[in-house]
Amino acid sequence: MSLLFVGFVFYMIHILFPPSSEEEQYSYYQLIHTYNELDFLDLNSPEDRILLREALEIYDPANTTRHDSVLAEIEIYHKNRMLSAAGSRQLTSAIDMDKLLTILNMWLKFAAIYIVVLLVTYYCVETFAVYRFIREKYRLSFYDDILNNLKQLFDVQRFKAKFPYLLNILVRVSRTVLKAIIILVLFAPAYVIAYSFKTRFDTDSFIVMIILGVISNGLLITYMQKYYTFLVSEGRKGYVQTAIVKNLDSRMIFDKKKGIQLSSIFRINKKFPGHIFDQIYENVRFQYLNTLKEQASFLITGLIIIEMALNIQGHLCYELMQNILYKNLSVILLILFGIFVIVKLTQIVIDFVVIRQHIKIGNISSEEVE
Amino acid sequence: MKYDLDIATKDRLLVQIDEFNIQPGSLTLLLGESGIGKSLISKAIFGLLSPDDLEIRINQLDYEEYLKSKVCTEIQEKGFFVFQEPSSHLNPFRTLNKQLNEGSIKDPARNGEILAKLFPNFSEIEREQFLSVFPKPFRPSGGEKQRILITMAFKKMSLLRKNRYNESAFFIFDEPTGSLDNEYRNIFLKMLLTAHEQLKFTALLITHDYSMISEITDRYVKLLPSINFRELSVHNDDHQLKKFSTDSYLSWLGSVQPKGSKQSRYKQPLLSLQSEIKVFNRRIVISTSPEALTPSKLEIFPGEAVYLKAESGAGKTTVAKIIMGLQSCQSFQCQVGDITLNQHTTENQWKRNIWAKKMSMVFQHADEALNLNGKVKDIFRGLPLKKRKDREFLIENLKIVFEESVDEAFLVQPVAFLSGGQKQRLNLIRALILDTDIVILDEPLNGLDFDTLQNVLAILQDRQRQGKSYLLISHNEEIIDRIVPHDRIYYLNWKRI
Amino acid sequence: MSENKKNQKCHFLRFYEQKDKYWLSIWILGLMMIWIWNLIYLNKPALKQLESGFLNTLIISFLVIIFSILLGWSITLLQYLFERNYPKIQIILIFLINIIRSIPQIVGILMGYVILTVLIQQGVLRSDFIILIFMALIIALFVFLEIFDLLRERIHYFRRLDFFDAMRVCGIRERYIINREIIWRSSRIHMVNKMIAIFGISIFLLCSVDFIISVGLSTDVSSVNLPVTLGSLLAKIDSKQDILAIGYSLTHLGYIIRLPFEHLQGISVSFIIVFTLVCMYQIGNGFARRHHL
């Protein structure tokens, strides 16, 4: 229903604010023509445009902003003239079939990247959170680990015997420093990472877009933390204690025979038969589905930032940004609607999965469903 | 089995007890106020607590060492723990059948006999259908879920061999009859005591249901030598396990009499509820006999205590909420003084005329009814009282229910840090202070120890003499039957429409 | 170990275990160190810009928190009022809120900036501080839903318990129960946790939008002079060159030593953004853990 509503609103905006005539397109049309008629001024030349700006600032210093806007629009006006003389589409032209197909193509590309990034991040979030949950059950905290090793280091007299503890401290500190660097990278906004490596690879490539979408903007870490929090809180629930008293395996260690197999954590369809963690994981998978909607929304924000900030031509959000610049309302509305459709479809799919699961565990019969 | 326990969070001490002794091979009934630490101690002994969240020492061992010790491993291998809250202790994503047949109780062959005793009203097909469902909040009922947990315990018990040394098998039952009717409670007791007689395991039964004492002392006299009655109490942060005198309980029970004004019956009733209520596509009928032979209006006169009885899940709390305007229904009719209430009465009318004016209600679970994030002194905030709520007012009224001194430290104590019994008393005084003519009390004796129970009943009977009335809902039938005259007991029955 | 050292260790260990306070002090110390370093090695005009950019970003983020709380709290109460008395209007309100929820935040903020630009061009907004407030309001419009969802969930949670009914039948007014007991007494810790998250989100969104506008929507002449923020600073050509130097130094390791001296502006800006986001994340987690949220 919201798709219909938003579509209707956008359509009404498009009707109420149709593509304007040349006069209407440029709010300072009169002024542009006035300046165009000045013989000594060549507005195609950047130097003359700067001179004009400086002159305007001397005579009307209070309206700097307006002068900037006028000059921006002069530039667009001249570009459009050039394009129309060459028989090309104007920057400020309305939608036609060609434009529609181009935008559709971009939308499909965007949707494809979005789906791949969503699936990859969901897998990574789940896997890392599960790994962290099990590791933290038996691993000492950084502080306790260092303290223990320091204590041993000072207690032991022989130099050779000190070496293992020293090595432990160095390894632990190095691991922590490496972890800090990885966290800084994962939290960095996409444009910071991309600009760091801009000369090394082509930011337009599909793979690079996916990698940037997955590793930047803090997406992985934030949602891995949420998934981990779900696991921790679920691990405290009553049914887990019931499973313990039924003597299901509760050892949180990586071991093939007792505990949890490390390889099972990295599978797509994770199963831990005979272990209490199987029950915890099953519950959390369902509970996380609603957070997945939030993750999807955040992910789309990240992808939009990537395309816009890196000026990736031929991509949907770059096209959106250009049309904002050239005030093509119809194209802006079309692209916005396309993005809205992606978000809404994601929410619908997730809601469908959640409702199906609710029906199953709610003991609701098919007659009751109908 | 001797235990010396210290359990604390990072901020405060929860339990400190030097001698928590359980006689091996015996059945120990553990009584005591709710929230005092009985469940915590038993979970610590069974190895169910997390050393990450709490600082625990048992018999001078750190908890991580205790969990690896032979004692703890043996308890977990051979014993079982039946938890208090059945809803949260069943996995909502697995069917009852699957949960009944996993881990060490995997063998489905042992199910039949145990289930037949605990679910006598189900045929075999009905039982199979029942076990194929997922445990949801209301379907199956709380009592049914509790019986499933009890079934698991008995399945584990069936692995023990008769006439062998089974003292190291430790079975802990934490409020196993909380959601059960007397009928099922008695079935459970019979099964437990029979199994204990044959298998001689060690059992700890934590309960607030004092009527079990009468049941055991009446019907299982021969087994009394192997049954210990103990009470856990706390004094100045020190926990003690004392012997509980069943004789003093039984003699007190014998001495309890109904109180109230004899003239009340000649006055107009304060409340008159029609015998039939329709809610949730059910027809609830009130009558003066358990068989519901004659539907009857429920009437409460000044200075009376009225008792509403029914089996678990029949709708007693629902009826109470309907009378208080908290639950909508298809039809009901009630007269409170000169005010007529029915299914069309608006919320504003309840607010203006009934709540805190004619009637108030004390809810079952003090943990839910009170704001645990507040302090004791906040308890009267927001109440529509005519008197100024200063410190003296607070202390004066709190002393009604708290016999121990009410000092400044107590006033600023967070409600979350109070014991269950203290919370229940706070819950009670908040309603009593409003001085309404009628107070509906839903499980008012929940979580109270024996001394507090006597105190609370004395307060209620005292107010009755002043002309105040009560509608009581309680599964402590044995006690409430004594304080309510026989003709003031009503019964609920229901049928699907 | 001596008694003194044991006590010191305990104090430090206690402080270390309160991860929110620990990371807050790391954040403040980190920012101070960056400022001192820039004071020594960065030229004065660039330092002034950096200081203004940082302060403006901080002010806007704090304003976003305030606006989000005001919006979130008031719309929650409005939704509750409609739910009780005008259910049909409540459906419309939830519908509209869901539409806001479905708009990617960055797109919504970008549209808001377009409106802001028009208002500045028309001379409606002149003062820098008013523009800052407007920028904060735009961001808050797409972020307040965090507070709204939290408060709504808390109210629903307590309404399902006997808590709500127990107070009502004692004559306590509903607005007292909602505002005082549920939101203030029982949920303010949760709200503080959300405020930390909102602070981080607003820095991220603000820097991203300002970067996008400065990079993507500028032409040879800038159309509007918005207050400088860390995002717009990062989009300047000097800063971009500095960030490119990071990638260069990964293949020319010797160049790393020159980064903190010769490419200070860009490195500082990007480091402040990333460092602040990491610290806010850790502070939020530490706070949640300390209060068992």
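How many salt bridges are there between chain B and chain C? The count is five. Keep in mind that this is a predicted model, so everything below describes a prediction rather than an experiment.

## Where chains B and C meet

Let's start with the contact between the two chains. On one side, 28 residues of chain B take part, and they touch 18 residues of chain C. People need a way to express how big such a meeting place is, and the size of an interface is often given as the accessible area lost when the parts come together. For chain B and chain C, the buried area is about 1900 Å², with carbon and sulfur atoms giving 54% of it. On the chain B side, the residues that lose the most area to chain C are B:Phe363, B:Glu368 and B:Asn371, and together they make up 27% of what that side buries.

Besides the salt bridges, there are polar contacts to look at: eight residue pairs across the interface of chain B and chain C, both residues at pLDDT 80 or more. Which elements of chain B give two or more residues to the side that touches chain C? They are α12 (347–354), β18 (359–362), α13 (366–369) and α16 (420–432) of chain B. The largest share comes from β18(B), with three residues. Sorted by class, that side of chain B has 13 nonpolar, seven polar and eight charged residues.

## A network of charges

Now zoom in on C:Glu174. Across the interface, C:Glu174 forms a salt bridge with B:Lys351, where the closest N and O atoms are 4.0 Å apart. C:Glu174 also forms a salt bridge inside chain C, with C:Arg84, and there the closest N and O atoms are 2.9 Å apart. C:Arg84 lies in helix α3 (residues 44–85) of chain C and C:Glu174 in helix α9 (residues 174–216) of chain C, so this pair ties together parts that are 90 residues apart in sequence. C:Glu174 is buried, with a relative accessible area of 14%, whereas C:Arg84 is partly exposed at 28%.

These residues belong to a wider group. B:Glu347, B:Lys351, C:Arg84, C:Asp165, C:Arg168 and C:Glu174 are linked in a network of salt bridges.

Over all chains, the count comes to 46 salt bridges. Here are some of them:

| Pair | Closest N to O distance |
|---|---|
| C:Glu174 and B:Lys351 | 4.0 Å |
| C:Arg84 and C:Glu174 | 2.9 Å |
| B:Glu113 and B:Lys117 | 3.6 Å |
| C:Glu262 and C:Arg258 | 3.0 Å |

Take the pair B:Glu113 and B:Lys117. They sit four residues apart in helix α5 (residues 111–118) of chain B, so about one helical turn separates them. B:Glu113 is exposed, with a relative accessible area of 58%, while B:Lys117 counts as partly exposed at 42%. In the pair from chain C, C:Glu262 is partly exposed at 45%, and C:Arg258 is partly exposed at 41%.

## Two buried strands in chain B

Why is strand β3 of chain B largely enclosed by the rest of the structure? Six of the six residues of β3(B) (residues 27–32) are buried, so the strand is largely enclosed. In a regular strand the side chains alternate between the two faces of the sheet. Here both faces are covered: B:Leu27, B:Leu29 and B:Leu31 are buried on one side, and B:Thr28, B:Leu30 and B:Gly32 on the other.

What does β3(B) pair with? One partner is β8(B) (residues 202–206), in the parallel sense over four bridges, and there B:Leu27 has B:Ala203 as its bridge partner. Another is β9(B) (residues 227–235), which runs parallel to β3(B) and is joined to it by six bridges. In that pairing, B:Thr28 stands opposite B:Asn228.

Strand β7 (residues 170–174) of chain B tells a similar story: five of its five residues are buried, so β7(B) is largely enclosed by the rest of the structure. B:Phe170, B:Ile172 and B:Asp174 cover one side, with B:Phe171 and B:Phe173 on the other. β7(B) pairs with β6(B) (residues 80–82) in the parallel sense over three bridges, with B:Phe80 opposite B:Phe171. Five bridges also join β7(B) to β8(B), again running parallel, and B:Phe173 has B:Leu205 as its bridge partner.

Note on methods: Residues numbered from 1 in each chain as written. Chains lettered and ligands numbered in written order. Predicted model: local features only at pLDDT ≥ 70, side-chain atom pairs only at ≥ 80, totals over all residues. Heavy atoms only, no water. Contact = heavy atoms within 4.5 Å. Buried area = accessible area lost by both parts, 1.4 Å probe. Salt bridge = Lys/Arg side-chain N within 4 Å of Asp/Glu carboxyl O. Polar contact = N/O pair within 3.5 Å; in protein donor to acceptor, adjacent residues only side chain to side chain. Nonpolar A, V, L, I, M, F, W, Y, C, P; charged D, E, K, R; others polar. Buried < 20%, exposed > 50% of the residue type's maximum accessible area, 1.4 Å probe, protein only. Pairing = 2+ DSSP bridges.
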